[in-house]
Amino acid sequence: MFTFKALQKNKTVKYGVPMLLLVVGGSFGLREFTQIRYDAQRIRKKLDPSLEAKVNVQKQSAMLEEEYEKLKEVNLEEWKNIRGPRPWEDSREYQEQQRARQNKKD
């Protein structure tokens with residue numbers, strides 16, 4: 001049989017067993033930590049009653065009708081599409097150009 005000194009010299013026992021213990025034990029440990037994380041997120045994500053009413057599917061159709069009524073009141077005939085400044089453009093200079101063009105048209 002193997003003696004204690006023989007087991008200490010065996011590379012499988014010396015390096016392989018601790019490696020397997022780390023891998024298997026680490027997976028169990030990570031599972032527990034991630035479960036804690038997801039439980040904490042579930043608790044944090046509980047909605048306030050005001051938001052919960054907005055998310056409720058039964059009341060969703062009423063909300064869509066309210067939004068439709070708001071859109072009917074908006075005058076889309078006088079709407080203009082105005083381009084904003086590009087990231088590389090100076091916004092103040094661009095706004096001055098837009099104002100100058102607007103004044104020429106008026």
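The structure, a predicted model, holds four salt bridges. The exercises below start from these.

**Exercise 1.** Which residue forms a salt bridge with Glu69, and where do the two residues lie?

Solution.
- Step 1: Lys72 pairs with Glu69, and their closest N and O atoms are 3.7 Å apart.
- Step 2: A salt bridge requires a side-chain nitrogen of Lys or Arg within 4 Å of a carboxyl oxygen of Asp or Glu, so this pair counts.
- Step 3: Both residues lie in helix α4, three residues apart, about one turn of the helix.
- Step 4: Helix α4 (residues 60-73) also holds Lys70 and Glu67, again three residues apart, whose side chains meet in a salt bridge at 3.5 Å, N to O.

**Exercise 2.** Is Glu32, which meets Arg31 in a salt bridge, buried, partly exposed or exposed?

Solution.
- Step 1: The side chains of Glu32 and Arg31 meet at 3.4 Å, N to O.
- Step 2: Glu32 has a relative accessible area of 44%. Partly exposed runs between under 20% (buried) and over 50% (exposed), so Glu32 is partly exposed.
- Step 3: Arg31, at 47%, is partly exposed as well.

**Exercise 3.** Which residues make the nonpolar surface patch, and which helix gives the most to it?

Solution.
- Step 1: Leu7, Val13, Val17 and Leu21 make a patch of about 320 Å².
- Step 2: Helix α2 (residues 11-44) gives the most, with three residues.
- Step 3: Leu7 lies in helix α1 (residues 4-9) and is partly exposed at 35%.

**Exercise 4.** Which element has the lowest mean pLDDT?

Solution.
- Step 1: Helix α3 (residues 49-55) has the lowest mean, 66, and α2 the highest, 89.
- Step 2: Where pLDDT is low, predicted coordinates should not be read in detail.

Definitions and conventions. Residues numbered from 1 in each chain as written. Predicted model: local features only at pLDDT ≥ 70, side-chain atom pairs only at ≥ 80, totals over all residues. Heavy atoms only, no water. Patch = residues over 30% accessible without salt bridge, like charges linked within 9 Å, V, L, I, M, F, W, Y side chains within 5 Å. Areas by Shrake-Rupley, 256 points an atom, 1.4 Å probe, with all protein chains shown as cover. Helix = DSSP H or I, 4+ residues; strand = E, 2+ residues; numbered from the N terminus. Buried < 20%, exposed > 50% of the residue type's maximum accessible area, 1.4 Å probe, protein only. pLDDT = per-residue confidence, 0-100.
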